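Take a moment to turn the structure around on your screen before reading on. We'll begin where protein and RNA meet, then work through the fold.

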Amino acid sequence: MLEIQRIRQEKEAILAGLAKRNIDASQTIEDILETDQNWRSAKTQLDQVAAEMNQLARTIGELFKGGQQAEATALKEKTSVLKTQEAELKVQVNAFEESLQSLLYTLPNVPNELVVQGREAEDNQNIFEAGSIPQFGFEAQPHWDLAKKYKLIDFELGVKVTGAGFPFYRGKGARLQRALIQFFLDEAIAAGYEEFISPHMVNEASGYGTGQLPDKEGQMYYVKEDDFYLIPTAEVPLTNIYRDVILPDGNFSIKMCGYTPCFRREAGSYGKDVRGLNRLHQFDKVEIVRVEHPDNTAKALDEMLEHVKNLLDKLELPYRILRLCGGDMGFASALTYDFEVYSAAQEKWLEVSSVSRFDTFQANRLKLRFKDDKKTTLCHTLNGSALALPRILASLLENHQTANGIQIPKALQAYTGFSVIE
RNA sequence: GGUGGGAUGGGUGAGUGGCUGAAACCAACAGUUUGCUAAACUGUCGUACGGGUAACUGUACCGCGAGUUCGAAUCUCGCUCCCACCGCCA
């Protein structure tokens with residue numbers, strides 16, 4: 001949520017920024033400013049009436065104490081007029097406040113200056129590539145065939161027990177999955193992130209805190225009996241640790257990480273895009289989350305990018321980094337880098353991580369602030385996947401396949417306990 | 001699932017109708033004293049929003065929502081959450 005003060009002060013800059021998302025917000029901004037103006041004038045009147053009433057009540061109290069019943073009763077009548085005024089003004093103020101709030105909810109974050117205008121995935125900027133695409137002397141098999149051949153994943157069994165998008169991992173597949181989680185966590189901890197094991201369900205307030213609610217409830221699984229939502233990412237519980245928090249001074253840098261399963265209802269497409277591990281309703285992910293002083297955000301983002309690069313290097317996977325264009329960025333993000341690994345048999349790039357800075361957008365909703373020289377200022381939040389498992393697994397299988405089995409990258413072997421799947 | 005208790009500022013906790021945005025203590029911060037540490041003393045010490053260049057000032061908030069009253073942290077009603085014990089259970 002954008003701050004109203006900022007909209008008052010930097011209207012033009014905001015409009016220009018949102019244009020990069022192909023959004024013409026001029027009407028909304030006008031409505032916001034007008035509503036804000038109305039709200040303020042109603043609020044000022046209300047405050048004045050309330051002040052008058054408070055004063056009057058005090059006087060009446062003293063008159064009663066002084067035994068001046070008649071005078072007191074006379075004044076009482078005056079308050080009834082003020083009371084109706086107050087009630088009317090209150091209705092107005094509330095109405096303005098509500099419409100202001102819902103207008104503000106509709107505005108996405110303003111893109112960072114690095115973000116280019118664009119409509120879709122094709123407009124994203126490819127800013128980095130590493131690793132080489134493997135050449136096989138045979139026909140490369142897609143991961144769903146490899147998973148079946150080596151008995152690593154059972155999709156049919158998942159359908160039987162739960163439904164599509166809820167696979168079983170078994171044998172070395174399960175072991176590999178666990179190895180990846182452990183590897184990612186160890187790397188994050190080594191980089192200074194504190195590990196959390198968080199709840200996998202959150203309450204409504206947390207859903208609002210990170211911006212899944214209102215609006216995107218359809219993407220989350222919901223437990224009606226208890227009014228809980230299954231988390232779509234560890235970002236939700238981890239970031240909400242800091243909901244309604246004021247950090248005592250400006251000297252902080254909070255780094256958290258956590259492994260959780262992620263649950264996404266994601267209604268959607270058909271065909272090869274969702275085949276195998278490409279899109280699931282339940283998947284595993286290690287997430288890194290940071291809360292930073294605004295001065296440190298750029299540096300933090302760089303560190304996170306380096307961190308993810310390092311993971312992919314160690315897994316010996318070819319990958320590229322995209323800076324998302326305005327039209328492809330998430331609602332709350334100011335700047336997002338997607339990591340994509342190349343999937344050698346599907347012959348396409350698969351998104352495995354998304355690293356974003358949100359600046360004050362989330363913090364404003366969370367009411368996450370810090371105190372500096374008596375002033376309270378909104379913090380900045382950032383997060384990124386490090387990493388999401390299924391597509392990593394898919395590309396590990398596809399890229400590291402040989403005629404005699406699947407080679408496990410060196411860095412992982414200590415975790416898997418085997419170097420090849422045959 | 002049953003029974004009871006509770007929700008006040010960073011923490012403990014007082015406060016049953018006006019002088020209470022809230023005692024006291026602890027913590028924190030600043031200062032005085034001090035060879036250092038400690039102690040002692042003094043002061044500061046909630047959030048949001050409005051008005052004002054500012055000093056400052058107004059309003060709201062004692063879990064949430066409604067009500068009674070000239071006036072509510074305090075009384076009434078509804079809700080939510082938390083805790084304890086019992087039952088069940090990994």
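Sort the surface near RNA strand B by residue class and you get 10 charged, 6 polar and 6 nonpolar residues. Keep in mind that this is a predicted model, so everything here describes a prediction. Which residues come nearest to RNA strand B? Out of the 22 around the strand, they are Trp39, Thr44, Ala57, Arg369 and Lys371.

What part of the RNA does the protein meet? Look at the atoms of RNA strand B within 4 Å of the protein: 75% of them belong to sugar or phosphate, and the rest belong to bases. A few individual contacts are worth finding on screen. Start with Arg8, where an N or O atom of the side chain sits 3.0 Å from a phosphate oxygen of RNA strand B. Thr376 also meets a phosphate oxygen of RNA strand B, with a polar side-chain atom 3.0 Å away. Asp47 goes for another part of the RNA: one of its polar side-chain atoms is 3.0 Å from a sugar or linking oxygen of RNA strand B. As for the elements behind this surface, those giving two or more residues are α1 (4-9), α3 (26-65), α4 (69-106) and β14 (369-372). The largest share comes from α3, with 12 residues.

Now zoom out to the whole protein. Chain A has 13 helices and 19 strands. Its C-alpha atoms fill a box of roughly 105 × 45 × 45 Å along the principal axes. Of its 422 residues, 49% count as buried.

Next, the sheet. How many strands form this open sheet, and in what order? There are 8, running β1-β11-β12-β13-β16-β10-β9-β4, with mixed pairing. At the edges you'll find β1 (125-130) and β4 (194-196), each of which pairs on one side only. From one strand to its neighbour, the turn is 25° on average, ignoring direction.

Let's walk through part of that sheet, starting at β11. Strand β11 (residues 319-323) pairs with β12 (residues 335-343) in the antiparallel sense, over 5 bridges. To see the register, find Tyr319, which stands opposite Val341 in β12. On we go to β13 (residues 348-359), which runs antiparallel to β12 and is joined to that strand by 9 bridges. Here Tyr337 stands opposite Val355 in β13. β12 and β13 form a hairpin with 4 residues between them, and in the turn Glu347 has a positive phi of about 55°. The next step takes us from β13 to β16 (residues 380-388), again an antiparallel pairing, this time over 4 bridges. Val355 turns up here too, standing opposite Gly384 in β16. While you follow these strands, remember that side chains in a regular strand alternate between the two faces of the sheet.

Finally, have a look at helix α10 (residues 297-314). Why should this helix span 26 Å? At 1.5 Å a residue, that is what its 18 residues should cover, and the end C-alpha atoms are indeed 26 Å apart, so the two agree. Quite a list of α10 residues is buried, including Leu301, Met304, Leu305, Val308 and Leu312. The buried residues aren't just nonpolar ones, either: Thr297, His307 and Lys309 are among them. Just after α10 comes Glu316, which takes a positive phi of about 55°.

Definitions and conventions. Residues are numbered from 1 along each chain as its sequence is written. Chains are lettered from A and ligands numbered from 1 in the order in which they are written. This is a predicted model: local features need pLDDT of at least 70, side-chain atom pairs count only at pLDDT 80 or more; totals for chains, interfaces and linings use all residues. Side-chain values use heavy atoms; hydrogens and water are left out. The expected span of a helix is 1.5 Å times one less than its number of residues. Buried means under 20% relative accessible area, exposed over 50%, partly exposed in between (1.4 Å probe, protein chains only). A residue is near a molecule or strand if one of its heavy atoms lies within 4 Å of it. A polar contact is a pair of N or O atoms within 3.5 Å; within protein, one must be able to donate a hydrogen and the other to accept it, and residues adjacent in sequence count only if both atoms are side-chain atoms. Two strands pair if DSSP finds at least two bridges between them. Axes are lines fitted to C-alpha atoms, for helices over the stretch in contact, and angles run from 0 to 180 degrees between N-to-C directions.
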